[in-house]
Amino acid sequence: MKVSVVGATGMVGEKMLQVLEERNFPVTELIPVASEKSVGKEIEFKGQKYTVKSLETAVEENCDVALFSAGGGISLDWAPKFAAKGTVVVDNSSAWRMNEGIKLIVPEINADILTKEDKIIANPNCSTIQLVMVLNPLHQKYGIKRVVVSTYQSVTGTGKAAVDQLDGEIRGENPAKVYPYEIFKNALPHCDVFEENGYTKEEMKLTRETQKILDDKSIAVTATAVRVPVQGGHSEAVNIEFEKDFDESKVRKILNESPGITLQDNTDSNIYPMPKYAEGKNDVFVGRIRRDYSQPNSLNLWIVSDNLRKGAATNTVQIAEKLLEKKIIG
């Protein structure tokens, strides 16, 4: 299996390599790709050294699969070039997600729709993935009418420069700013750029991607996305209104039995999800499950996941695993 990782020296690319190794994906030849300034450098994978190559070189390698995490512009330009060579591209940027002809995949939910015709496959936004992982099994049982979500997002979602900003501010320095304000001891209701409707792109991704993944445009989703000074993962406070009434114990049972979800919900013992303890793990953690008494058939819960793992690298590798399982590659 010849595998290319595009953006191999970035935060998500490095995590992809780590997850490929951890999950023992059958890589027989690795083609790491990065920007021109990194071409020629070496990275290590499974104890072997590999030389970083350019996009121009990598596209001619005719890889089985290419995992992209190098930004939307690169994906728009280069994913079709890889696909034209027969390489299946799994793209982690926002470039292709809402394209009508491109499938948006969370393997636990909709991997069954993948076919040999799919040459570019989109990985959803990190905050969307952890949300739909919890929504999907509940939607199947109770039918979701409306979702109100507020996110508390890790600086790692912005990249290494944002981590450097936070670390520098913690040390009392005046580092280069990725955000318009200090992030240390602060909370910014500003993730990505603002759209004409007053929402940020991040907030609208939660709306549009959720409907596409769950294949139901009737689900109303409204979001507020907030950047907070943490590094472990994204957290979400979620209010769900269902078509049908529910039993809280049944909700817990459904979520506890859903693949990729870990239930952490015992307030008597102060057990609930937190980004500090989700970091480095592949699951989505859910807790603080309680009925919303202000509205019929409504539920509140709290979702946490490592945005670099299930929100990006792990989900991407899981898609590649499904491609292998379905004999679309290999």
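This short talk goes through the sheet of the structure above and then its two largest pockets.

Please keep in mind that this is a predicted model, in which local features need pLDDT of at least 70 and side-chain atom pairs count only at pLDDT 80 or more, while totals for chains, interfaces and linings use all residues. Residues are numbered from 1 along each chain as its sequence is written, and side-chain values use heavy atoms, with hydrogens and water left out.

Let me begin with the sheet, which is open and has six strands in the order S2-S1-S5-S6-S8-S7, with parallel pairing; strands here are DSSP runs of E with at least two residues, helices are runs of H or I with at least four, both numbered from the N terminus, and two strands pair if DSSP finds at least two bridges between them. Strand S2 (29-33) and strand S7 (103-104) stand at the edges with a single partner strand each, so one side of each is left without a neighbour in the sheet. S7 is joined by two bridges to strand S8 (residues 120-122), and the partner of Lys103 in S8 is Ile121.

Turning to the pockets, a pocket is an open set of points on a 1 Å grid over the protein atoms alone, where a 1.4 Å probe fits, with protein on both sides within 12 Å along at least five of seven lines, and lining residues have an atom within 4 Å of a point. The largest pocket is lined by 45 residues, with Ser69, Gly71, Asn92, Gly157 and Thr158 nearest its centre. In the second largest pocket, H7 gives the most to the lining, with four residues.

Terms used
Grid points are joined across faces, edges and corners, and a volume is the space filled by probe spheres set on the points.
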